[in-house]
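Me: Hey, can you walk me through this one? I'd like to start with the sheet and then see how the chains touch.

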Amino acid sequence: MKLTLYIWRQKDPKSKGFMEKHQVDNVSEDMSFLEMLDVLNEQLIHEGKEAVAFDHDCREGICGACSLTINGNPHGPEAATTTCQLHMRKFKDGDSIYIEPFRAKAFPVIKDLVTDRSAFDRIMQAGGFISVNTNQPQDANALPVSKLKADLAMDAAACIGCGACVAACPNGASMLFVAAKVSQFALLPQGQPERKRRVLSMVEQMQEEGFGGCTNFYECEAVCPKQISVRFIAKMNREYLGAFVGKEE
Amino acid sequence: MLDSKIPCGPIKEKWDKHRFELKLVNAANKRKYKVLIVGTGLAGASAAASLAELGYEVEAFTYNDSPRRAHSIAAQGGINAAKNYTNDGDSIWRLFYDTVKGGDFRAREANVYRLAQVSNSIIDQCVAQGVPFAREYGGLLANRSFGGAQVSRTFYARGQTGQQLLLGAYSALSRAVGKNQVKMHTRKEMLDVVLIDGKARGIVTRDLVSGKIESHWGDAVILATGGYGNVFFLSTNAQACNVTATYRAYKKGAFFANPCFTQIHPTCIPVSGEHQSKLTLMSESLRNDGRIWVPKNKGDNRPPNEIPEEERDYYLERKYPSFGNLSPRDISSRSAKEVCDDGRGVSATGYGVYLDFADAINRLGQDVIEERYGNLFEMYERISGDDPYTTPMKIYPASHYTMGGLWVDYNLMSTIPGLHVLGEANFSDHGANRLGASALMQGLADGYFVIPYTIGDYFATNKFEKIDTEHIEFKKVEKAETEKINRILSIKGKKTPSQFHRELGKVMWDYCGMGRNEAGLKKALELVPKIREEFWQNLTVTGSAEDLNIVLEKALRVADFLEFAEILLWDALERRESCGAHFREEYQYPDGEAKRDDEHFTHVAAWEFTGVGNKPNRHIEPLEFENVKLAVRSYK
């Protein structure tokens with residue numbers, strides 16, 4: 001198939017960006033979206049032009065590096081799919097496709113389609129862990145966890161940290177990302193000692209990074225490639241309130 | 001001359017004895033030592049967190065935008081441990097035995113035994129960190145069996161075990177970064193290691209955003225930079241995975257061990273066309289319930305559901321009745337190649353076999369299969385457009401993991417003093433073939449439970465001159481790297497880095513892939529230098545060196561692959577036997593099984609750099625098997 005691409009180009013964080021038009025022919029429906037961009041980049045290099053910079057790595061939907069807002073949707077039109085797992089069979093010959101970076105105040109553009117998502121790392125550094133040193137802890141089976149809770153914790157832990165939730169949110173909120181981590185640990189017995197401290201620190205860092213607040217649009221859940229549920233946001237809100245009113249035991 | 005430093009005494013006591021004999025660094029003195037850790041996957045992140053907790057000054061480096069992106073994250077199936085929770089006869093000894101046997105008797109017994117010993121601590125540690133492993137209704141941990149094992153010793157978190165373990169290590173690392181115990185450098189790629197007075201004292205990196213070439217000094221350097229599977233261009237590795245860090249260390253004097261031991265994973269989605277940038281692995285846990293088959297007759301083009309039972313060849317069950325579909329990776333991969341070479345392959349290219357769940361769905365119900373493999377089935381459907389609940393999956397082997405790597409001693413130190421190598425980047429534990437669910441185990445064993453002990457001994461027994469990055473050796477490397485980059489940008493030829501990479505990959509896959517022979521390897525040794533020569537004359541890289549330039553990054557990585565490929569070929573040529581993943585067509589039994597030559601090749605081959613394009617020197621570390629009897633590996 002033949003496609004017309006409109007791609008965001010931006011030299012560096014300070015320069016002004018613009019949409020650039022490109023034509024790609026010979027796109028096969030078995031290609032992934034990123035392989036289609038590879039084809040474009042090979043074409044650009046051969047023309048002596050600079051390749052379009054975009055983040056990607058594992059190309060199997062798990063590392064969370066790939067991003068892109070495709071026709072206005074973070075990770076494109078298909079539900080529960082990262083950009084690298086989006087295949088061209090979802091598009092038609094002759095389509096025009098608009099490709100932009102993830103847009104959010106807390107994710108500044110570094111170049112072209114590459115954004116800086118290190119705010120997520122700093123939120124994790126503020127409290128996204130259980131404080132155990134490497135040592136010889138008790139036997140793993142000494143602490144039973146109900147299957148239901150373990151499964152629910154795993155639902156939350158499936159987050160790949162891509163940031164689509166932020167890009168989709170009209171407020172640029174990172175509630176789903178933070179809620180997933182907070183919930184995973186709050187559901188497990190290992191997470192209890194730091195339960196209150198964790199949610200307070202992570203939320204504080206989240207606000208410091210310039211993420212917006214949640215006003216229940218649920219756009220985050222709609223675009224999440226791992227289908228993390230907004231119920232975890234409700235859980236985080238309860239955790240946060242609980243941490244505020246109650247004292248740390 | 002290669003001193004593996006394996007402690008003497010009975011194998012069960014070696015590690016305990018060694019730990020006692022290792023010199024310690026006083027708690028208050030640890031902060032005076034700085035460790036540079038390159039790579040933040042399972043091995044690197046776990047080492048960074050553990051060393052920081054001990055009090056060392058740690059700086060960690062990744063070329064990704066966050067440590068959480070490392071390719072350890074993609075491991076699906078699970079992690080082995082000798083817990084024997086399932087009461088099916090497992091033990092440390094059995095995990096040790098299985099790993100030595102699975103590695104086709106080309107791994108060091110002492111290292112493997114230690115790996116099996118610490119495997120249990122890894123599970124304890126990960127559970128304490130909040131890794132949400134799968135559980136039974138009683139609340140205890142669930143286990144499953146995995147390729148190459150007859151016991152259920154694999155712990156898992158749905159199909160995302162690697163992700164959950166990496167996020168566990170990443171959260172421990174994040175905690176240390178938050179407490180300013182680790183300085184984290186993201187989007188920085190190591191270009192070279194810096195030696196001062198013969199010791200590894202630092203690295204030179206390129207900032208992938210600003211393009212700046214920067215020096216970093218330390219008292220020891222740890223490489224946890226993964227494998228070199230992308231030398232085949234198409235592999236299950238992430239796009240950025242490369243050999244540069246380990247190859248550059250090799251050029252500085254570290255020996256490269258057993259590079260020809262490259263694992264081909266049996267269950268990947270087949271190639272669909274020229275545009276393909278990577279191959280996607282479907283967890284081999286699928287082989288627990290899926291049955292592998294091809295049509296009995298050549299050229300049978302009927303859809304799979306129309307081929308009656310008696311016209312199907314379940315070739316693994318037929319040839320290896322006791323292991324069947326769970327036969328080790330090398331055997332499964334080679335068998336798939338055999339039936340496809342025989343003209344019975346499926347998929348458009350003729351290189352594919354069926355992995356069929358119809359029986360398992362009938363026996364267990366679709367909900368059980370969905371619970372076990374739901375996300376894998378979804379992923380398959382997304383990529384191939386087929387629904388595996390109703391039509392069999394198509395799979396084919398692909399380059400996946402590299403058992404070879406930098407040579408290390410029992411302390412995980414390379415032949416360069418102070419340069420330690422962890423995880424897939426070293427060679428030590430898997431011999432000629434790695435068993436499923438053992439890579440995660442080894443990465444975390446090295447990072448959490450080995451290097452924190454052994455690195456202290458290196459510090460306690462060596463003197464370190466005070467240095468900084470103004471040292472002439474740093475300046476020399478910075479200058480050389482800058483010149484190399486300028487040279488790459490000035491070629492202005494006609495072919496892109498990807499084109500060269502694809503060309504190299506094709507040569508390597510055709511002549512040094514699943515089957516290898518002398519004539520083919522010699523041919524490849526002629527072809528690779530030609531591609532390399534053309535690279536330096538006809539490469540084109542657009543953009544500049546002073547900002548984020550994805551084409552330049554790629555070119556630098558491909559340049560090193562083009563040199564490295566030759567050591568792999570030499571190793572494959574000189575190892576005149578078939579063992580594990582290394583199948584030399586000249587050395588096989590009449591029934592097609594691999595024929596090992598224990599008399600001449602029960603050793604590690606460690607290669608020493610002698611100049612680009614020259615044949616490297618081959619050193620030998622003899623392997624002694626005192627506890628496991630050398631035997632023909634049979635899975636029949």
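**The sheet in chain B**

Reply: Sure. This is a predicted model. In chain B, five strands make an open sheet, running β5-β2-β1-β9-β17, and they pair in the parallel sense.

Me: Which strands of chain B stand at the edges?

Reply: Those are β5 (182–185) and β17 (419–421) of chain B. Each has a single partner strand, so one side of each is left without a neighbour in the sheet.

Me: And what does the twist average from one strand to the next?

Reply: The twist averages 20° per step from strand to strand.

Me: OK, what holds strands together in general?

Reply: Strands of a sheet pair through backbone hydrogen bonds.

Me: Back to chain B: how many bridges are there between β1 and β9?

Reply: Four bridges, linking β1 (residues 34–38) and β9 (residues 220–223) of chain B in parallel. For one of the partners, take B:Ile37, which is bridged to B:Ile222 in β9(B).

Me: Which strands does helix α11 of chain B touch?

Reply: Helix α11 (residues 439–460) of chain B packs on the sheet and touches β1, β9 and β17 of chain B. Its direction is at about 150° to that of β9(B).

Me: New topic: how many residues of chain B are in contact with chain A?

Reply: 66 residues of chain B, and they meet 66 residues of chain A.

Me: Which element gives the largest share of that side of chain B?

Reply: α5(B), with nine residues. Other elements giving two or more residues include α2 (42–54) and α11 of chain B.

Me: And how do the residues on that side of chain B divide?

Reply: Into 25 nonpolar, 29 polar and 12 charged.

Note on methods
Residues are numbered from 1 along each chain as its sequence is written. Chains are lettered from A and ligands numbered from 1 in the order in which they are written. This is a predicted model: local features need pLDDT of at least 70, side-chain atom pairs count only at pLDDT 80 or more; totals for chains, interfaces and linings use all residues. Two strands pair if DSSP finds at least two bridges between them. Axes are lines fitted to C-alpha atoms, for helices over the stretch in contact, and angles run from 0 to 180 degrees between N-to-C directions. Two residues are in contact if their C-beta atoms, placed from the backbone, lie within 7 Å. Ala, Val, Leu, Ile, Met, Phe, Trp, Tyr, Cys and Pro count as nonpolar, Asp, Glu, Lys and Arg as charged, and the others, Gly among them, as polar.
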